[in-house]
Amino acid sequence: MSGSILVEAERLVHGPRQAAYGHPSEDFARTAALANVLLAGKLLHPLEARDVAVLMVCVKLSRETNAHKRDNLVDAAGYIECLNMLYPEATEYVVGGACS
């Protein structure tokens, strides 16, 4: 796909991925809970949903650093949008939303 990565990320986050993964607050909270169990002896503080969103951006940036792929940039933008959705004041999309 060509065009704006931001437009594509928004379409994905608020479209097809919504049904697949659910809202970021639920999806990333589940991921944080799993990571907290796996890393229990290594963490100073439990991970939260927002931490997961930030880590996913890091994964995409790491992959982009290794080799350019448009999908890395689209997904990184999508995870930034998901992070924004985890803040109470982010009310643009009251219902729905999922992540890259």
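**Helix faces and core packing in a five-helix model**

Thr65 and Asn66 are exposed residues on the face of helix α4 that is turned away from its buried side. The description that follows refers to a predicted model. Helix α4 spans residues 49-66, a run of 18 residues. From its first C-alpha to its last, the helix reaches 26 Å, close to the 26 Å expected at 1.5 Å a residue.

The buried residues of α4 are Ala49, Val52, Ala53, Val57, Lys60 and Glu64. Viewed down the axis of α4, these buried residues fall within an arc of 140°, so they line one face of the helix. Their packing partners are α3 (24-38) and α5 (70-85). Helix α4 thus presents a buried side that packs against α3 and α5, while the face turned away from that side carries the exposed Thr65 and Asn66.

One of the buried residues of α4, Ala53, also has a place in the largest nonpolar core, which has 14 residues. Within this core, Phe28, Ala53 and Leu86 touch the most other members. At least two residues of the core are supplied by each of α3, α4 and α5.

A comparable analysis was made for helix α1, which covers residues 5-13. Its buried residues are Glu8, Ala9, Leu12 and Val13. Seen down the axis of α1, they fall within an arc of 130°, so these residues line one face of the helix. Elements that cover them include α2 (16-21) and α5. Leu6 and Val7, by contrast, are exposed on the other side of α1. Leu6 also takes part in a contact at the start of α1, where its backbone nitrogen has a side-chain oxygen of Ser4 within 3.1 Å. Helix α5 therefore appears in both descriptions, because the buried residues of α4 pack against α5 and the cover of the buried residues of α1 includes α5.

With respect to the overall architecture, the protein contains five helices and zero strands. From the N terminus on, its elements run α-α-α-α-α. The protein has 100 residues, of which 36% count as buried. Among contacts with a separation of 6 or more, 64% are accounted for by residues 24 or more positions apart. The protein exposes about 6300 Å², and carbon and sulfur atoms supply 61% of this area.

Methods
Residues are numbered from 1 along each chain as its sequence is written. This is a predicted model: local features need pLDDT of at least 70, side-chain atom pairs count only at pLDDT 80 or more; totals for chains, interfaces and linings use all residues. Side-chain values use heavy atoms; hydrogens and water are left out. Helices (H or I, at least four residues) and strands (E, at least two) are DSSP runs, numbered from the N terminus. The expected span of a helix is 1.5 Å times one less than its number of residues. Buried means under 20% relative accessible area, exposed over 50%, partly exposed in between (1.4 Å probe, protein chains only). The arc is that of the directions from the helix axis to the C-beta atoms. Contact means heavy atoms within 4.5 Å. A nonpolar core is a set of buried Ala, Val, Leu, Ile, Met, Phe, Trp, Tyr and Cys residues joined through side-chain atoms within 4.5 Å. Accessible areas come from the Shrake-Rupley method with a 1.4 Å probe; for residues, only the protein chains shown count as cover. A polar contact is a pair of N or O atoms within 3.5 Å; within protein, one must be able to donate a hydrogen and the other to accept it, and residues adjacent in sequence count only if both atoms are side-chain atoms.
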